[in-house]
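Please work through the exercises below with the sequence and the model open beside you, trying each task before reading its solution.

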Amino acid sequence: MNCDLHCHSTASDGELSVEALLALAQEREIDMLAITDHDTDIGYRRARKCDTSVRLISGVEFSCTWGKMSLHVVGLNMDVDTSIFVAAMARQSKAREQRAHIIADKLQKIGIEGAYEGALAFASAKDQIGRPHFAQYLLQQGSVRTMNEAFKKYLGAGKPGDVKALWPDLETVIEWINSSGGVAVVAHPLRYKMTRTKLRHLLTDFGAMGGRGVEVACANQTTSDTQTIAKIAQDLGLLASRGSDFHGSKMPWNALGRAVALTKNCEPVWQLF
Ligand code: AMP
Ligand code: MN
Ligand code: MN
Ligand code: MN
């Protein structure tokens, strides 16, 4: 089975429309796909109306906090029409819209004018603005030379554009997902720059709160990285997911359907679907 349970469309910060993403998934012979846009199910809602041979699973990549850290949790296979889920999407959209204004104000204080309108021009809607859209604006007006530089200087952890306060905590997000019949999965566990001890602590907490899976096979990781997460998942009884985190050819993550394979000691999350 070629399952890709993490990717982005133009509904968030991906380069491809839902239709183009589905066509690519079909071409890559992906059996099961979850379009997991940041804090929105718009991508999935559009996809389920399309005619495709790819099996679609509903998905959202939620922004949330664990203590002082910000974290991404992928929700899979939720019933997106439950009232709890609809309210959760509205809550996240509002947070994103408010956050965009705060980021723009902070950038203005350090001499960057017009960032709100600038970022909005790259986003699909005012409540779907993300840091990559600010990065594109900074690039366009010559403040930086690459997307990466935009994150290093202005938008990454500890920089002016890093505004976490508006996201819900991890437990809230897990509750939203579980009560909509879905499965909560910690996204790209090695991208948080945590020690292995802290990562085990996070995943133990996550399991105790009702989280059930972790992405074992992600973008840009070595075989030894994959084995490390697989072992932690096995020890903690978490299911394993696989996702490319594909955003398009200009972003640094994997090509669609091309994350590494799960190791043999994993229980694949897609057995549930
Ligand atoms: P946000 O959801 O608005 O907090 O933005 C986070 C997104 O920014 C991530 O999902 C990535 O797609 C993107 N991102 C993070 N770091 C980088 C980077 N160094 N270069 C390009 N894109 C990045
Ligand atoms: Mn992204
Ligand atoms: Mn992410
Ligand atoms: Mn992602």
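**Exercise 1: cysteines**

Cysteine 218 has a relative accessibility of 4% and so counts as buried, where buried means under 20% relative accessible area, exposed over 50% and partly exposed in between, with a 1.4 Å probe and protein chains only. Before going on, note that this is a predicted model, in which local features need pLDDT of at least 70, side-chain atom pairs count only at pLDDT 80 or more, and totals for chains, interfaces and linings use all residues. Residues are numbered from 1 along each chain as its sequence is written, chains are lettered from A and ligands numbered from 1 in the order in which they are written, and side-chain values use heavy atoms, with hydrogens and water left out.

Task: Explain why cysteine 218 has no bond to cysteine 266.

Solution: Take as the criterion that a disulfide is a pair of cysteine sulfur atoms within 2.5 Å. The closest cysteine sulfur to that of cysteine 218 belongs to cysteine 266 and is 11 Å away, which is too far for a bond. Next, cysteine 3, which is buried at a relative accessible area of 0%, has its closest cysteine sulfur in cysteine 7, but at 12 Å this is too far for a bond. Finally, a search of the whole structure finds zero disulfides.

**Exercise 2: three manganese ions**

Task: State which protein atoms coordinate the manganese ion (ligand 2), and do likewise for the manganese ion (ligand 3) and the manganese ion (ligand 4).

Solution: Donors are N, O and S atoms within 2.8 Å of the metal (3.2 Å for Na, K and Ca), and because water is not among the atoms, sites may look incomplete.

Step 1. Asp13 (OD), His38 (NE2) and His247 (NE2) coordinate the manganese ion (ligand 2) at 2.1 to 2.2 Å. This site links distant parts of the chain, since aspartate 13 sits in the loop between strand 1 (3–4) and helix 1 (18–27), while histidine 247 lies 234 residues away in the segment after strand 8 (239–242); helices (H or I, at least four residues) and strands (E, at least two) are DSSP runs, numbered from the N terminus. Aspartate 13 counts as buried at 11% relative accessibility, and histidine 247 is buried at 3%.

Step 2. For the manganese ion (ligand 3), the protein donors are Glu61 (OE), His72 (ND1) and His188 (NE2), at 2.1 to 2.2 Å. Glutamate 61 counts as buried at 1% relative accessibility.

Step 3. Glu61 (OE) is also a donor of the manganese ion (ligand 4), together with His6 (NE2), His8 (NE2) and Asp245 (OD), lying 2.1 Å from the ion.

Step 4. The manganese ion (ligand 2) is 5.6 Å from the manganese ion (ligand 3) and 4.6 Å from the manganese ion (ligand 4).

**Exercise 3: ligand 1**

Task: Describe which residues surround ligand 1 and which helices supply them.

Solution: Twelve residues surround ligand 1, the closest being His38, Arg96, Arg99, Arg131 and Asn148, where near means having a heavy atom within 4 Å. By class, the shell has four nonpolar, four polar and four charged residues. Helix 3 (83–109), helix 5 (131–140) and helix 6 (147–155) each supply at least two of the shell residues.

Now turn to the atoms. A polar side-chain atom of histidine 38 lies 2.9 Å from an oxygen atom of ligand 1, and one of asparagine 148 lies 2.8 Å from a nitrogen atom of ligand 1. The protein covers 88% of the 500 Å² of accessible area that ligand 1 has on its own.

Key. Polar contact = N/O pair within 3.5 Å; in protein donor to acceptor, adjacent residues only side chain to side chain. Areas by Shrake-Rupley, 256 points an atom, 1.4 Å probe, with all protein chains shown as cover. Nonpolar A, V, L, I, M, F, W, Y, C, P; charged D, E, K, R; others polar.
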